Amino acid sequence: ASPSPSRGAPGRKAAMVDASVTARFPVEDSGASRHVDDDVCMSDRLVPSRGTCLEMNQMKLENDQNLAPRNEYQEVLSQNVLGKESLANTKVLSYRHKPPRQEQGREDYKVLFSANRETGARARSVVNRVLPQSPMKVLDAPGIVDDFYYHTIDWSMNNVVAVALSGMVFLFDAQSGQTEKLLDLNAGHVSAVRWSQEGAHIAVGTSSGEVQIWDVCAQRKMRTFNGHGGRIGSLAWHGKVLSSGAADAEIHQHDVSMQDHLMLRRTDVHLDLVCGMDYSADGVLASGGNDNTVCIWNTPTAATPIHTLTEHSAAVKAVRWCPWQRRVLATGGGSADRKICIWNASSGRMMMSADTESQVTGIVWGAQDKELLTSHGFSRNQLSLWKYPSLEKVADFEGHRGRLLGLAQSPNCSLVCSSSADETLRFWQVFTPLSSTCGRHTAGSVSAPQSILRTIR
């Protein structure tokens with residue numbers, strides 16, 4: 001057996017627990033006291049744990065004898081009985097996680113670093129919270145249009161969910177549980193809904209190419225914008241600027257505080273329906289189209305994009321900026337693409353991508369957990385949770401019986417509402433809640449909740 005560690009060795013002191021005791025014993029000898037040096041240390045030897053021993057090595061300790069072969073016959077016998085790894089070269093103590101064997105020409109610290117790095121990466125991928133096995137609430141949504149290009153739900157900063165059901169828009173107060181109807185179109189469908197950042201107004205896009213702005217508190221329509229030559233495919237707010245994309249492949253920039261609201265018409269960039277848009281906190285617009293491209297517009301008044309991203313091979317409806325990291329964008333493609341991509345919008349470079357195996361209809365971010373949640377269509381109709389930036393899948397959430405049409409996120413980022421062609425809305429407790437609202441709600445927001453109300457004309 002290997003000799004036990006030497007007593008008092010400097011490298012062993014840190015491994016011993018309560019193994020050294022300083023002796024301070026006053027001794028009296030017939031009226032005269034003997035001085036004891038305080039530096040005297042009495043230490044016990046290191047007693048190893050049985051768990052650090054292999055099965056064969058425990059035989060040495062239990063039988064109290066050395067079973068190492070002493071000749072060729074004993075060597076052959078031990079290999080036949082105990083396997084090819086005989087007791088000749090084994091040790092009593094053995095590390096459970098052995099570092100890799102050092103290669104020629106490599107330094108010792110590099111070997112140790114590579115061994116520890118693997119363990120650390122596995123530890124970081126573990127999710128330390130309970131993920132939902134089923135939705136916490138299910139609401140009926142009769143009449144919801146089963147169309148990949150429609151944006152049927154959005155969640156306001158005031159904790160109100162807007163739902164488009166055919167030609168109507170309903171408002172669900174997530175705190176009180178009350179539901180009320182906001183509007184009912186005379187003809188056509190509601191193809192997109194989007195709350196303003198302060199949560200008091202909502203933009204409504206229709207299948208006839210009309211954009212309406214409604215005051216939710218007063219329950220009245222404030223303005224109507226015409227000019228698009230096809231149905232509205234997407235809407236996005238940045239302060240008092242409202243962007244609308246439509247089937248005519250144009251993006252219109254509206255200043256809702258001005259009577260002549262049309263600031264800019266972006267044409268000849270997208271070649272088909274503009275089906276996804278989102279603003280970053282500093283006013284950068286990302287637009288996805290049915291032409292399989294994503295355009296990055298540096299300012300609300302920019303006439304040409306700074307980047308056109310062409311990695312997708314299907315329509316890009318799911319477009320969402322990262323709320324905690326500047327100029328990081330997530331996009332998802334349709335049935336012929338089935339990918340989610342992470343982009344550096346400053347350089348136009350794709351940083352990471354992953355195959356989701358189904359069309360991507362929506363994306364939201366979990367700022368506290370540094371994750372993404374995506375909604376999908378055929379064939380599993382599931383929600384998928386991904387780690388950022390590795391895009392390693394964490395979990396799938398199933399329950400919908402039809403393809404998912406989109407996602408909306410609560411003000412504190414913890415709850416996610418999914419709409420589906422099975423005519424239900426399902427609420428999932430996916431992320432860790434934040435103390436403040438998500439970046440997507442506060443980005444470019446105005447200083448007072450009612451300031452837009454005074455400026456819309």
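How many helices and strands are there in the protein? This predicted model has 5 helices and 32 strands. The legends below start with the whole chain and then move to the close-ups.

**Figure 1. The whole predicted model, before zooming in.** Of the 457 residues in the protein, 47% are buried. The exposed area comes to about 23800 Å², and carbon and sulfur atoms supply 48% of that. For contacts with a separation of 6 or more, 47% are between residues 24 or more positions apart. Salt bridges number 15 in the structure, and a few of them get their own views further down.

**Figure 2. The largest nonpolar core, with its 15 residues.** Val169, Leu171, Leu183, Val190, Ile202 and Val204 are the members that touch the most other members. Strands S7 (160-165), S8 (168-173), S9 (179-184), S10 (190-195) and S11 (201-206) each give two or more residues to this core. In soluble globular proteins, nonpolar side chains tend to end up buried together. Pick out Ile202 and look at what surrounds it: leaving out residues up to four places away in sequence, Ile202 touches Ala162, Leu182, Val193, Arg194, Trp195, Gln212, Ile213, Trp214 and Val216.

**Figure 3. Ser196, in the loop between S10 and S11.** Ser196 counts as buried because its relative accessible area is 2%, against a cut-off of under 20%. Its side chain has a polar partner: a 2.8 Å polar contact joins Ser196 to the side chain of Glu198.

**Figure 4. Thr152, in the loop between strand S5 (137-140) and strand S6 (153-155).** With a relative accessible area of 3%, Thr152 is buried. Which residues does Thr152 touch, not counting those up to four places away in sequence? They are Ile144, Ala162, Val163, Ala164, Val193, Leu405 and Ser419. Ala164 sits 12 residues from Thr152 along the chain, and their C-alpha atoms are separated by 4.9 Å. With Ser419, the link is side chain to side chain, a polar contact of 3.1 Å.

**Figure 5. His254 and His261, joined by a polar contact.** His254 belongs to strand S16 (residues 251-255) and is buried, with just 1% relative accessible area. The contact between the two histidine side chains is 3.0 Å. Setting aside neighbours within four places in sequence, His254 is in contact with Phe225, Lys240, Val241, Leu242, Ser244, His261, Leu262 and Met263.

**Figure 6. Two salt bridges from the loop between S5 and S6.** Start with Asp146, whose side chain meets that of Arg403 in a salt bridge of 2.9 Å, N to O. This pair links distant parts of the chain, 257 residues apart, with Arg403 in the loop between strand S29 (393-397) and strand S30 (404-409). Both ends are partly exposed: Asp146 has a relative accessible area of 44%, and Arg403 has 24%. Next, Asp147 forms a salt bridge with Arg231, and here the closest N and O atoms are 3.0 Å apart. Arg231 is in the loop between strand S13 (220-225) and strand S14 (232-238), 84 residues from Asp147. Is Asp147 buried or exposed? Asp147 is buried, at 17% relative accessible area, whereas Arg231 is partly exposed at 22%. Those two values land on either side of the 20% cut-off, so the labels differ.

**Figure 7. A salt-bridge network of Arg129, Asp369, Glu371 and Lys387.** Zoom in on one pair of the network: the side chains of Lys387 and Glu371 meet in a salt bridge of 3.5 Å, N to O. Lys387 is in strand S28 (residues 383-387) and Glu371 in strand S27 (residues 371-376), 16 residues apart. Charged or not, Lys387 and Glu371 are both buried.

**Figure 8. A nonpolar patch on the surface, made of Tyr73, Leu77 and Val81.** Together, these residues have about 350 Å² of accessible area. Val81 lies in helix H2 (residues 72-82). Why does Val81 count as exposed? Val81 qualifies because its relative accessibility is 62%, and exposed means over 50%.

How values were computed
Residues are numbered from 1 along each chain as its sequence is written. This is a predicted model: local features need pLDDT of at least 70, side-chain atom pairs count only at pLDDT 80 or more; totals for chains, interfaces and linings use all residues. Side-chain values use heavy atoms; hydrogens and water are left out. A nonpolar core is a set of buried Ala, Val, Leu, Ile, Met, Phe, Trp, Tyr and Cys residues joined through side-chain atoms within 4.5 Å. Buried means under 20% relative accessible area, exposed over 50%, partly exposed in between (1.4 Å probe, protein chains only). Helices (H or I, at least four residues) and strands (E, at least two) are DSSP runs, numbered from the N terminus. Contact means heavy atoms within 4.5 Å. A polar contact is a pair of N or O atoms within 3.5 Å; within protein, one must be able to donate a hydrogen and the other to accept it, and residues adjacent in sequence count only if both atoms are side-chain atoms. Patches are made of residues with over 30% relative accessible area and no salt bridge: like charges are joined within 9 Å, nonpolar side chains (Val, Leu, Ile, Met, Phe, Trp, Tyr) within 5 Å. Accessible areas come from the Shrake-Rupley method with a 1.4 Å probe; for residues, only the protein chains shown count as cover. A salt bridge is a side-chain nitrogen of Lys or Arg within 4 Å of a carboxyl oxygen of Asp or Glu.
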